[in-house]
Amino acid sequence: MKIEDITNIIETRRSHFAKEFNGSIAPKSLIENLINNANWAPSHKLTMPWHFIVFEGNSMQILTTKILEIQTSKNPELSAEKISKIKNIPQKVSHIIAICLKPSFNVPLWEEYCSIGAAVQNMYLTLNTQNDFGGYWTTGNATNTQEMKNYLGLEETHEHLGFFFIGGINQKRTLAHRNAVSVEWK
Ligand SMILES: Cc1cc2nc3c(=O)[nH]c(=O)nc-3n(C[C@H](O)[C@H](O)[C@H](O)COP(=O)(O)O)c2cc1C
């Protein structure tokens, strides 16, 4: 592989949001590849602190109902627009992967957060091989609330670090802008 190849994969990786999803269902093999590649992320002492929960079909419908229940209980004034956005999730989204952290306590917690970031980046980059499917990491949707942790079956020391939404897309976006890198050479 050439440096230009990996640079291209990294630079053209984009977040595609639920409003862009067309309702197509991704093959199970794609989701398995995302998760298997996430598992190759680096982790200090190879603690591999991630735990993924995949929602598809009817389980996504149940998850969406739970998200709505939690969000409206926390904010009874939740806008109609926000409510319909949540209600529409099962029609638009193909799969939802809950991103969970099960700390090992063998390394500092912050190191395990770093590993999760690397794991999700592996998912993102793997998804960039696809023209018809995209996805994004969301830390909204009742992420890490006690109710969501209970629903996901997480223990007190575990953390819920958001969801990775995957869906079919008609228009793959690749262009973006980054400010100049912050770096010092000594
Ligand atoms: C930890 C993390 C949490 C994020 N949470 C959200 C979110 O809650 N809602 C959202 O629209 N995008 C979320 N994003 C996606 C960012 O909006 C997106 O990465 C950013 O706009 C840059 O776009 P790009 O991924 O296409 O380069 C999240 C990204 C990360 C890394």
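The following dialogue examines how several descriptions of this predicted model are justified.

Modeller: This is a predicted model, in which local features need pLDDT of at least 70 and side-chain atom pairs count only at pLDDT 80 or more, while totals for chains, interfaces and linings use all residues. Residues are numbered from 1 along each chain as its sequence is written.

Colleague: Why is Ile67 called buried?

Modeller: A residue is buried if 20 or more other C-beta atoms lie within 10 Å of its own, exposed if 12 or fewer, and partly exposed in between, with C-beta atoms placed from the backbone. Ile67 has 23 other C-beta atoms within 10 Å, and therefore it is buried. Ile67 is found in helix α3; helices (H or I, at least four residues) and strands (E, at least two) are DSSP runs, numbered from the N terminus.

Colleague: Which residues is Ile67 in contact with, leaving aside its neighbours within four places in sequence?

Modeller: They are Ile86, Asn141 and Ala142. Two residues are in contact if their C-beta atoms, placed from the backbone, lie within 7 Å.

Colleague: What makes α3 roughly antiparallel to α4?

Modeller: The axes of α3 (residues 57–74) and α4 (residues 80–87) come within 9 Å and cross at roughly 160 degrees. That angle makes α3 roughly antiparallel to α4, because angles over 145 degrees count as roughly antiparallel, under 35 as roughly parallel, 65 to 115 as roughly perpendicular and the rest as oblique. Axes are lines fitted to C-alpha atoms, for helices over the stretch in contact, and angles run from 0 to 180 degrees between N-to-C directions. The contact is made by Thr64, Ile67, Leu68 and Gln71 of α3 and Ile83, Ile86 and Lys87 of α4.

Colleague: Why are α2 and α6 called oblique to each other?

Modeller: α2 and α6 (residues 109–127) pack at an angle of about 140 degrees, with their axes 8 Å apart. The angle falls in none of the other classes, and α2 and α6 are therefore oblique to each other. By class, the contact of α2 with α6 has six nonpolar, four polar and no charged residues. Here Ala, Val, Leu, Ile, Met, Phe, Trp, Tyr, Cys and Pro count as nonpolar, Asp, Glu, Lys and Arg as charged, and the others, Gly among them, as polar.

Colleague: What is notable about the phi of Leu46, and is Leu46 buried or exposed?

Modeller: Leu46 has a positive phi of about 50 degrees although it is not a glycine. Most residues other than glycine have a negative phi. Leu46 lies in the loop between α2 (28–38) and β1 (50–56). Leu46 counts as exposed because it has 10 C-beta neighbours inside 10 Å.

Colleague: Why does Asn144 count as partly exposed?

Modeller: Asn144 has 16 C-beta neighbours inside 10 Å, so it counts as partly exposed. Asn144 lies in the loop between β3 (133–138) and α7 (146–152), and its phi is positive, near 60 degrees.

Colleague: What makes His177 exposed?

Modeller: His177 has 4 C-beta neighbours inside 10 Å, and therefore it counts as exposed. His177 lies in the segment after β4 (159–168). His177 and Glu11 are 166 residues apart in sequence and 9.3 Å apart in space, C-alpha to C-alpha.
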